[in-house]
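Visitor: Could you take me through one part of this protein up close? I'd like to see the sheet, and then whatever else is worth a look.

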Amino acid sequence: MPSSRSALPAWQKLTEHQHAAPRPHLRDLFARDPGRFRKFSLASCGILIDWSKQLVTEETLRLLAALARECELESQVKRMFAGERVNLTENRPALHVALRAAAPVVLDGRDVTADVRGVLAAMARFARGVRSGRIRSAAGRPFTDVVNIGIGGSDLGPRLACEALAPYAKARPRLHFVSNVDGAAIASVIGRLDPAATLVVIASKTFTTDETLANARTARSWLERKLRGKAAAAKHLCAVTADPARAAEFGVPAGRVFRLWDWVGGRFSLWSAVGLPVALAAGMGRFDELRAGARAMDQHFAGAPPERNLPVVLGLIEVWNASIRGAASRAVIPYDERLRLLPAYLQQLEMESCGKHVTRNGEPVDYATAPVTWGSAGTDAQHAWFQWLHQGTQAVPADFIACCRPHHRLRGHHERLLANFCGQTEALAFGMTAAEAGAAMRAAGLREPEVRRLLPHRTFDGDRPTTSILLDELSPRTLGALLALYEHKVFVQSVIWDVNAFDQWGVELGKRLAGRILPELGGAAPLPARNASTDGLINHYRKQRRKT
């Protein structure tokens, strides 16, 4: 097999296909084929995905499927589900699917799903106890508030899920999340809470993450000070970690440490005890439904043929857009206020997984890998950056996500939301020609000189690619399916790009340097020779610190 993916025959044919005779405009593709939506859409697991407005033809998809075969995608999927060590740089499996599996998953001769069931049972007992008021604070009071302290996957997943599933949650306990080591973050949370009724969840796989431990120490000190003692404060702590000994050393009671495993990557860990905040907010039954939705998508991904496989299709389209067409970014626009954190969640999932510059064997790649993932909620986004999306000089692919059924009963709101969802994707795809713009202005009563003056500003090129994703409703099951859809999409991309989706070495260097700099900020000794910029910044900080 060629050492570079770009040397594969299918990759070469895709490149030739892209640079061949000009592809018809999306407007023309739809006019020529009334069945385009039927051919380029699919529903499964409570989700409809329409990729008919992507810049692809049947030939494009045929070549992308050929590329998947040449990259041995099917066998790589089987290897991941079987628990093989697909995380080569850390010599680990990536078995997040085992966290929601219904059948045994064997790793090194042991059924790991038995361990998962044990932790889930402990989570269920604890969540029921807190929610019912049976598990109480040191003062004998029910817990009214829960503060989850984590960062990255230990924060983004449960934070997104709790917000998305808020209609299913009880009024108590209220959930709060702290991730940023900036003291303003934790101060703004604990400053408004009653420590005698607050439970703190410390989520850290290694229990060594600096930002998380700094916030956890602050929370522990707050509890000890307000509750007058370590013993009382300990009754307000629980932890999610793969290192129970470190959690015990920190002061977390043994019965309140929920286990993780090294075969679970942080950004894939929502389905584990990292999801404890979801169980505390909405109940363990809802958390199980979330896992069931993800499991349904796992089964679809493992069993559906490539051309009718949602994660495969989405992953291949992203490869087409990023690596063949050269799109440097992709917007994610949820038309649902409760999914407004989805772009941030996907930033970590996609960019940390596939933002790699070498292959799994350590060879430099000679093609673009992960594009920038960014976005915000519609319709707010329409009044912020959609002008650039429609008429800017870069044609940026976008995922538009909405739900068919809302949880509220407010008349007219949801129809307006969905009208914007459909109208924006139509405008991006088909645009407005000069003839159409001119006719609209004349119909509005503008005189011909004004029409000619405004025509360049009122014309839209269109032909801008989007994927529309419609959930039946934002339920625990469909949310689980949606998140698993994106997890598997990322794996598809990693196989095609030949990168390891399950490590994140790029995160570590800056953190190591921060560890060296930290004692220098509070000191007065001369700085070691480093570089003029860092030294200048530290010296300026020292000078300002002396003033205060």
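**A close look at the sheet**

Guide: Let's start with one pair of residues: I149 has I202, in strand 7, as its bridge partner. Before we go further, a word on the ground rules. This is a predicted model, so to speak of a local feature we need pLDDT of at least 70, and side-chain atom pairs count only at pLDDT 80 or more, while totals for chains, interfaces and linings use all residues. Residues are numbered from 1 along each chain as its sequence is written, and side-chain values use heavy atoms, with hydrogens and water left out.

Back to that pair. Strand 5 (residues 145-149) and strand 7 (residues 198-203) run parallel and are joined over five bridges. Two strands count as paired if DSSP finds at least two bridges between them; strands are DSSP runs of E of at least two residues, helices are runs of H or I of at least four, and both are numbered from the N terminus. In general, strands of a sheet pair through backbone hydrogen bonds, either parallel or antiparallel.

Zoom out, and five strands make up an open sheet with parallel pairing, in the order 6-5-7-8-9. Strand 6 (174-178) and strand 9 (257-259) are the edges, each pairing on one side only. Between neighbouring strands the turn averages 20°, direction ignored. (Axes are lines fitted to C-alpha atoms, for helices over the stretch in contact, and angles run from 0 to 180 degrees between N-to-C directions.)

Now for the helices on this sheet. Helix 6 (residues 112-132) lies across strand 7, strand 8 (237-241) and strand 9, at about 145° to strand 9. Helix 8 (residues 183-190), in turn, lies across strand 5 and strand 6, running at about 165° to strand 6. Contact here means heavy atoms within 4.5 Å.

Away from the sheet, have a look at helix 1 (residues 9-19), whose buried residues are A10, W11 and L14. Down the axis of helix 1, these buried residues fall within an arc of 100°, so they line one face; the arc is that of the directions from the helix axis to the C-beta atoms. On the other side of helix 1, E16 and H19 are exposed. Buried means under 20% relative accessible area, exposed over 50%, and partly exposed in between, with a 1.4 Å probe and protein chains only. And what sits over those buried residues? The cover includes helix 4 (58-70), helix 14 (310-324) and helix 20 (476-497).
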